[in-house]
Amino acid sequence: MHFFRIHIVEFIRYFKSSQADSRLEEVNMPPQTLDQILEGRRSQPNQLIEVLQDIQKNYGYISKEAMQAVSQGLGVPVIEVYRVASFYKAFRLKPFGKYVLTVCMGTACHVRSARLLLDQAIGQLGVKPGEVTPDGLFSIERVNCLGACAMGPIVVENRSYHHHMTPGKLRKLIETLRRQKTEENQNV
Amino acid sequence: MSRLNSARELKHLRERLREQRQSIITTVMICGGTGCQASRSQAVIDAVGDELSRQGLDNSVRLCVTGCHGFCEQGPVIIIEPGNIFYCQVSPEDAFEIVYQTVMKGEVIEQLLYRDPVSGKSFQTQAEIPFYRAQDRQILSQNCMVDPCSIEDYIVAGGYSALTKVLGGMMPEEVIKEIKSSGLRGRGGGGFPTGRKWSECREAPGDEKYVICNADEGDPGAYMDRCVLEGNPHLILEGMMIGAWAIGARKGYIYVRNEYPLAVKHSRIAFEQAHECGLLGDNILGSPFSFDIEIARGGGAFVCGESTALMASLEGKVGEPRPKDVHTVVDGLYHKPTTLNNVETWANVPSIILNGSSWFASKGSRGSKGTKILALTGRIKNTGLVEVAMGTPIDTVVFDIGGGAVNGKLIKAVQIGGPSGGCLPVDKFDLPIDFDALSEAGSMVGSGGMVVMDEETCMVDVAKYFLTFLQDESCGKCLPCRVGVDRMLEIITDITEGRGKPEQIGLLEELADTVSQTALCGLGKTAPNPVFSTLRYFRPEYEAHINEKKCPAGVCKALITYWIDPDKCTGCRICLQGCMHKAITGRKKQAHVIDTQLCDKCGICRSECKFDAIRVF
């Protein structure tokens, strides 16, 4: 991830793409609107990261529309907003799946075979870290350390921590989540 | 809580709170740190709280949800005072017995006590447990005593008395002199003398100065900063206030990692409480000293642990470092003189002021004073946070505190200092944990992450792991780091995937040397360290990968084969049912066989086998 030379081409492509964020409506009503997030921070460029953090927290990702609103609100060029949003790991430019599997790849987890867990998740779901399955159900994230090293290897499913994971346990977890979704659909 | 207008008011408040608490007979301290929360400690906290109310013990028993106790492997952890009774791996169902037996009757519940995996002996009190016994817990012990969300707890425990001592009659120069003579060195990795940093910043021209607390603990495998900030945020605030007084700053920042939600939450609560009490803001405790703090969440970039990159990030920009021809103590945040210290460094300040520099300097080795918190993790029995006096040999930490290897394996190495540190082999375990001794041996204290590795850890794979990490985290500003790390990773990948050539080792060494000499910032300069140290101490492993196309530890997928030991296999069919590639065949109650053509080496069979029959060679 080298951002020294801003990928202008990438930037233009990103902003020109007409693909609508169709799943935006699926996200539950955010507790804070963009206006509320920007309130009290307008025209303060140094608040850029804080504002993006709040957008990420409320919406789950940073949409194009949000970037444009932030650019106007703080008085920062859109390209700078994009540059910051794409530089830091905390920000996503695409929405998450319903179930987010975060695999910790910290050193302590690594020496306890976290790599096998990541391979297992990729193999099971057919998508790479940072991507979402076509049905919008799962996304895989890799994180460099969650600071729960003593309990490693760790996989976090949405907000629940699973410690001392093995490839077998992860496979069962994914199966359980898939079944849950099917049952939910049947109930509807 | 009402505003405190003088040091005397703070003292009275402390006395009043202590008096109020005299009616409390028993204190139940439950760990609410991230580690224990991962083992569902919230359910235990709720269950014990409910049980106490049901028994009508709300007034005589205090339930204190504390920060991390350090022994995360055994979580959730409970300590009951008086008696220092230590219960581990507690479940919500144990709440009734804990309240009824231990709290009400004072009886100890045998099955909840910690049992030492080495000797099989169980221990009643925290102080007796080998994991704690060999430690010198100056900072961590405070974690177990206070509720991080309660300023009252911190004040009762003597908090903010270092601040009153400073405001009550220590000149800034005296504070700096005290820190200088204590010998405190930066705990974030570099080990720069803190007092010198402060005095340079004080002498730098300009009225507007800043202090920053670096809580952007990006080093994978280390979590002591999280633990201290999460468990005792007022200690950090107090340290920063003293630092701000010493250098003449009116504004401070805590730059905390957003991946640590609890640390963010607790520091925000502490900030508000301190404001309410008049410990932050204008005219603190009625003195002319005014100081305020802002809490900024990091965006998750390892390079932001570097001081100039962190400051850029605080300004709302991309976290790229800049050349440090002029140091940040002169030209830092918004081009103003800035003192940046790590969480643990700030945490040491109040006790140095209170107990004096000679108390602090009496601990530790010649060049490194005080204690250091280490995150002891990896393939070892007791994992968790450990605080020892500087100069303690690695041996003591790994074997006495850590309890040695798991499952009778042999410990091979320990990786100290994160991605910028290095791996040390067992025959170097007599080295003391000391800034200078470790860097001479090709490693570093760094932030204090200690990852223990055994015979099943491949050292080439470890080097590859760190290079992958660094390549991903390199900001890309300077060429040596951007391209150099890339090429080193390419070579190591070739070696781990069986395409290695003997001449590549020399090339790797040359490349590592160039990167370390020419990169712009600390991240790039130290990026080759994992390669240097593994090549220095574990060269035969590299040679085995290249010449024999074998991974001696059985890790590198391209060079290993899974195999079922017919003597151990009972034919239970668990692996056969679990294999997704249909690579395992065999009849019930007869030894199974793996078809190596079909095997994907995913490791499911190995993790599921209860008889340790699946081997890798």
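In the predicted model, the hairpin formed by β3 and β4 of chain B has three residues between its strands. One residue of this hairpin deserves a look at its backbone: B:Gly83 takes a positive phi near 115 degrees. The two strands of the hairpin, β3(B) and β4(B), with β4(B) covering residues 85-87, pair in the antiparallel sense over three bridges. Within this pairing, B:Ile80 finds its bridge partner in B:Ile85 of β4(B).

Strand β3(B), residues 78-81, also pairs with strand β1 of chain B, residues 26-31. This pairing is again antiparallel and runs over four bridges. Readers following along in the structure can locate it at B:Met29, whose bridge partner in β3(B) is B:Ile79.

Further along chain B, an open sheet of four strands has parallel pairing and the order β9-β8-β7-β10. Its edge strands are β9 (292-297) and β10 (338-342) of chain B, each of which pairs on one side only. On average, neighbouring strands of this sheet are turned by 20 degrees against each other, direction ignored. Strands β7 (residues 210-215) and β8 (residues 251-256) of chain B run parallel and are joined by six bridges. A handy point of reference here is B:Asn214, which has B:Tyr255 of β8(B) as its bridge partner.

Turning to chain A, the domain assignment divides this chain into domain 1, residues 26-87, and domain 2, residues 99-187. The centres of these two domains of chain A, taken over C-alpha atoms, are separated by 28 Å.

Methods
Residues are numbered from 1 along each chain as its sequence is written. Chains are lettered from A and ligands numbered from 1 in the order in which they are written. This is a predicted model: local features need pLDDT of at least 70, side-chain atom pairs count only at pLDDT 80 or more; totals for chains, interfaces and linings use all residues. Two strands pair if DSSP finds at least two bridges between them. Domain bounds come from an automatic or database domain assignment. Axes are lines fitted to C-alpha atoms, for helices over the stretch in contact, and angles run from 0 to 180 degrees between N-to-C directions.
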